[in-house]
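Welcome, and thanks for opening the viewer. Please load the model and turn on a cartoon view, and we will walk through it together.

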Amino acid sequence: MLDSLPCPSRITGQNVPFRMCIHDVFKIKGVGMVVTGRVVQGQVKAGEEVWYGDNLHDTNIFSVEQHHKTQDTASSGDCVGLNLKSHNSVLSYFNMVKPKA
């Protein structure tokens with residue numbers, strides 16, 4: 001019965017804007033601010049600028065990690081941790097997006 005259900009496709013591509021829902025926020029001594037969540041659409045790389053929160057605060061991503069391994073990019077469907085510059089205003093369930101180029 002499950003074999004008859006269609007598999008959902010990932011929303012990928014260069015023209016799809018990045019969006020991620022933040023599930024948890026951690027302050028790790030020696031590392032800084034780490035947010036975790038699932039990438040809903042698009043992709044993001046270390047060094048890119050992202051916006052988050054209700055007032056769209058901006059920050060840069062230091063690193064992208066998935067299952068304790070550093071990754072080059074995070075794409076839609078990936079559960080990742082993003083190491084950000086330290087910000088106290090990051091809350092769980094904020095959305096994170098990339099600014100328009």
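The stops below go from the whole chain to single side chains.

**Stop 1: the whole chain**

Start with everything selected, and keep in mind that this is a predicted model. Colour by confidence if you can: the mean pLDDT of the protein chain is 87, and 92% of the residues reach at least 70. Of the elements, strand E7 (residues 73–75) has the lowest mean pLDDT, 91, while E8 has the highest, 95.

Now look at the cartoon. You will find nine strands and zero helices, giving the pattern β-β-β-β-β-β-β-β-β along the sequence. The radius of gyration is 14 Å, close to the 13 Å that the globule rule gives for 101 residues, so the chain is as compact as a globular protein of that length. Its C-alpha atoms fill a box of roughly 50 × 30 × 25 Å along the principal axes.

**Stop 2: the start of the chain**

Select aspartate 3, in the segment before strand E1 (19–28). Aspartate 3 is exposed, with a relative accessible area of 81%. Add glycine 37 to the selection and draw a distance between the two C-alpha atoms: they are separated by 28 Å, with their positions 34 residues apart along the chain.

**Stop 3: the core**

Next, show side chains for Phe18, Met20, Val35, Ile61, Val80, Leu82 and Met96. These have the most contacts inside the largest nonpolar core, which has 17 residues. E1, strand E2 (32–41), E4, strand E5 (57–66) and strand E8 (79–84) each supply at least two residues of this core. Which strand gives the largest share? That is E8, with three residues.

Stay here and pick phenylalanine 18. Beyond its neighbours within four places in sequence, phenylalanine 18 is in contact with residues including Val39, Val44, Val50, Met96 and Lys98. For the wider picture, buried residues make up 31% of the 101 residues in the chain.

**Stop 4: strand E4 and its partners**

Select E4 and look along it. Which of its side chains are buried? Val50 and Tyr52 point to one face and are buried, whereas Glu49 and Trp51 point to the other and are not.

Bring E5 into view: E4 and E5 pair in the antiparallel sense over four bridges. The hairpin they form has four residues between the strands, and glycine 53 there takes a positive phi near 90 degrees. Then add E9, which runs antiparallel to E4 and is joined to E4 by two bridges. Tryptophan 51 makes a handy landmark, standing opposite aspartate 58 in E5 and opposite valine 97 in E9.

**Stop 5: the salt bridge**

Side chains of opposite charge can pair when their charged atoms come close. How many salt bridges does the structure hold? There is one. Select glutamate 48 and lysine 98 to see it: their closest N and O atoms are 3.2 Å apart. Glutamate 48 sits in the loop between strand E3 (43–45) and strand E4 (49–52), and lysine 98 in the segment after strand E9 (95–97), so the pair ties together parts that are 50 residues apart in sequence. Are these two side chains buried or exposed? Each falls in between: glutamate 48 is partly exposed at 23% relative accessible area, and lysine 98 is partly exposed at 29%.

**Last look**

Zoom back out to the full chain. Among contacts between residues at least 6 apart in sequence, 59% join residues at least 24 apart.

Note on methods
Residues numbered from 1 in each chain as written. Predicted model: local features only at pLDDT ≥ 70, side-chain atom pairs only at ≥ 80, totals over all residues. Heavy atoms only, no water. Salt bridge = Lys/Arg side-chain N within 4 Å of Asp/Glu carboxyl O. Buried < 20%, exposed > 50% of the residue type's maximum accessible area, 1.4 Å probe, protein only. Core = buried A, V, L, I, M, F, W, Y, C linked by side-chain atoms within 4.5 Å. Contact = heavy atoms within 4.5 Å. Pairing = 2+ DSSP bridges. pLDDT = per-residue confidence, 0-100. Rg over C-alpha atoms; globule rule 2.2 N^0.38 Å.
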